[in-house]
Amino acid sequence: MSDLRVCEVVKTLDLGGVEVLLVERLLRARKEIVDYTVICLRASTDELIERLRSAGITVIDLTGSPRLLVYARLVAAVRRVAPQVLNVHSPAPAIVLRPFVRFGRRRPALVSTVHCERWPKTMRLDRLTRGLDDCTVAVSPLVARSRAVVGARRVLTRMHGVNVQEQRRWAARARLLRREFNLPEDSFLCACVANFRPQKNHRLLLQAVEEVVRLRPDAVFALAGDGPLRDEVVRDVETRGLGDRVRVLGRVPRAARLVAAADLLVLSSDYEGLPVVVMEALAAGVPVVSTRVGGVPDLITSGRNGILTEPGSAGDLAEAMLQAMEPQRHRELRAGALADAESVDMADTAEWFEELYAELAGDVKA
């Protein structure tokens with residue numbers, strides 16, 4: 001029987017970066033030491049839930065709850081679980097849970113894991129209640145320096161990482177994966193794995209792609225993700241006459257495989273936290289061209305393992321992609337990505353959190 005009960009709360013269990021980081025960590029956790037329960041408010045796919053349950057982790061899915069009742073049911077679920085440590089990965093649930101559990105008779109140790117430097121809609125309330133946490137974990141140095149952790153009593157930085165060995169195995173099967181995704185094996189494949197939301201700025205990407213494909217007839221772009229702007233992006237691809245060069249794949253299960261099969265990862269975001277997809281690219285030895293936003297500069301050094309551009313400039317993004325496609329430059333960037341793969345390895349992260357949880361539970365109990 002496990003000695004420590006931990007509850008991890010996340011707003012969604014979709015195929016985004018926050019969720020993937022959490023799931024990959026828990027899959028490597030020592031369940032004989034820690035009894036984990038995950039509570040999510042909404043899940044648009046069962047993929048991550050099934051992976052967690054298959055690993056013996058309890059998942060409480062509140063997807064069917066009416067909007068007006070979901071937070072009341074969240075509080076009730078946490079009380080039923082009665083964890084010794086509660087780690088909340090999204091600001092809105094954290095704002096609700098902090099006062100309820102902090103002043104309970106047998107309260108858990110409170111942890112917030114902050115994945116992004118920006119919480120524009122909830123920043124004020126998050127800051128007002130953050131002092132109730134026993135510990136705040138920032139997923140990158142940028143987040144640790146940002147306004148998102150203002151008011152924290154104690155801030156620790158832990159870059160979570162990904163499964164490097166698995167990404168290397170997928171990279172070794174790149175041609176087979178391209179066939180699976182119906183992508184040309186002999187193309188220069190540029191992947192963009194980003195949900196179709198305004199901050200990802202797919203319009204900017206497509207503006208840059210127009211210039212790239214004019215000069216590189218072998219370039220093919222694969223766009224994976226889901227979200228409210230997906231149909232708009234599809235129409236934009238058609239309007240620009242890019243249908244034979246840009247493939248909108250939509251939701252791709254285990255999208256890290258697509259990253260591993262690519263020659264280049266491209267991001268055109270206006271802002272980011274610490275993108276998991278960038279870590280997946282480095283793990284597979286795939287160079288990255290991205291806007292210089294969020295925690296990306298903590299991972300990518302221009303000229304070494306990728307090229308960074310200023311956000312909002314389609315011309316700069318196109319030029320960076322064309323540079324990265326040049327054979328000699330691409331070999332150099334790929335070598336840099338491979339050399340940096342170990343820096344994004346998830347291997348020790350689960351143990352790091354278990355040690356933190358044991359320490360905090362002991363402090364609260366004492």
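User: What percentage of the 366 residues of the protein chain count as buried?
Analyst: This is a predicted model. A residue counts as buried when its relative accessible area is under 20%. Of the 366 residues in the protein chain, the share that meets this is 56%.

User: Which radius of gyration does the protein chain have, against that of a compact globule?
Analyst: Along its principal axes, the C-alpha trace spans about 65 × 40 × 35 Å. A compact globule with 366 residues would have a radius of gyration near 21 Å. The protein chain agrees with that, because its own value is 21 Å.

User: How many helices and strands does the protein chain have?
Analyst: Contacts here often join distant parts of the sequence: among those between residues at least 6 apart, 69% join residues at least 24 apart. The elements of the protein chain number 16 helices and 13 strands.

User: How much of the accessible surface of the protein chain belongs to carbon and sulfur atoms?
Analyst: The accessible surface comes to about 15700 Å². Of this, the part that belongs to carbon and sulfur atoms is 49%.

User: Which strands are the edge strands of the open sheet of six strands?
Analyst: The sheet has the order E10-E9-E8-E11-E12-E13, with parallel pairing. An edge strand pairs on one side only. That holds for strand E10 (246-250) and strand E13 (306-309).

User: What is the average twist from one strand to the next?
Analyst: The open sheet has six strands, with parallel pairing. From one strand to the next, its twist averages 20 degrees.

User: Which residue in E11 stands opposite Cys190?
Analyst: Strand E8 (residues 188-193) and strand E11 (residues 264-267) run parallel. Two bridges join them. Opposite Cys190, in E11, stands Leu264.

User: What angle does the direction of helix H12 make with that of E11?
Analyst: Helix H12 (residues 276-284) packs on the sheet. It touches E8, E11 and strand E12 (288-291). Its direction and that of E11 make an angle of about 165 degrees.

User: What angle does the direction of helix H14 make with that of E13?
Analyst: Helix H14 (residues 314-325) also packs on the sheet. It touches E8, strand E9 (219-224), E11, E12 and E13. Its direction and that of E13 make an angle of about 170 degrees.

User: Is Ala341 buried or exposed?
Analyst: Ala341 lies in the loop between helix H15 (327-339) and helix H16 (349-365). Leaving aside residues up to four places away in sequence, Ala341 touches Val164, Arg168, Leu282 and Ala283. Its relative accessibility is 0%, so Ala341 counts as buried.

User: What distance separates the C-alpha atoms of Ala341 and Val162?
Analyst: Along the chain, Ala341 and Val162 are 179 residues apart. In space, the separation of their C-alpha atoms is 9.5 Å.

User: How many aromatic pairs does a search of the whole structure find?
Analyst: Trp352 and Phe353 form an edge-to-face pair, 5.0 Å centre to centre with 80 degrees between the planes. Phe353 and Tyr357 form a tilted pair, 5.8 Å centre to centre with 55 degrees between the planes. Over the whole structure, the number of aromatic pairs is two.

User: Which residues do ring pairs link into a cluster?
Analyst: Phe353 is buried, because its relative accessible area is 0%. Tyr357 is buried too. Phe353 and Tyr357 both lie in helix H16, four residues apart, about one turn of the helix. The ring pairs link a cluster of Trp352, Phe353 and Tyr357.

User: What covers the buried residues of H2?
Analyst: In helix H2 (residues 47-54), the buried residues are Glu47, Leu48, Ile49, Arg51 and Leu52. Just after H2, Gly56 takes a positive phi of about 85 degrees. The cover over the buried residues includes helix H1 (17-27), strand E2 (34-42) and strand E3 (58-61).

User: Which residues of strand E4 point the other way from Val85 and Asn87?
Analyst: Strand E4 spans residues 85-88, and Val85 and Asn87 point one way from it. The four named residues of E4, on both sides, are buried. Pointing the other way are Leu86 and Val88.

User: Which residue in E4 is the bridge partner of Cys7?
Analyst: Four bridges join strand E1 (residues 4-12) to E4, and the two run parallel. For Cys7, the bridge partner in E4 is Leu86.

User: Which residue in E5 does Val85 stand opposite?
Analyst: E4 pairs with strand E5 (residues 109-114) in the parallel sense, over four bridges. In E5, the residue opposite Val85 is Ala109.

Definitions and conventions: Residues numbered from 1 in each chain as written. Predicted model: local features only at pLDDT ≥ 70, side-chain atom pairs only at ≥ 80, totals over all residues. Heavy atoms only, no water. Buried < 20%, exposed > 50% of the residue type's maximum accessible area, 1.4 Å probe, protein only. Contact = heavy atoms within 4.5 Å. Pairing = 2+ DSSP bridges. Axes fitted to C-alpha atoms, helices over the stretch in contact; angles between N-to-C directions. Rg over C-alpha atoms; globule rule 2.2 N^0.38 Å. Areas by Shrake-Rupley, 256 points an atom, 1.4 Å probe, with all protein chains shown as cover. Phe/Tyr/Trp six-rings, centres within 6.5 Å; stacked < 30°, edge-to-face > 60°.
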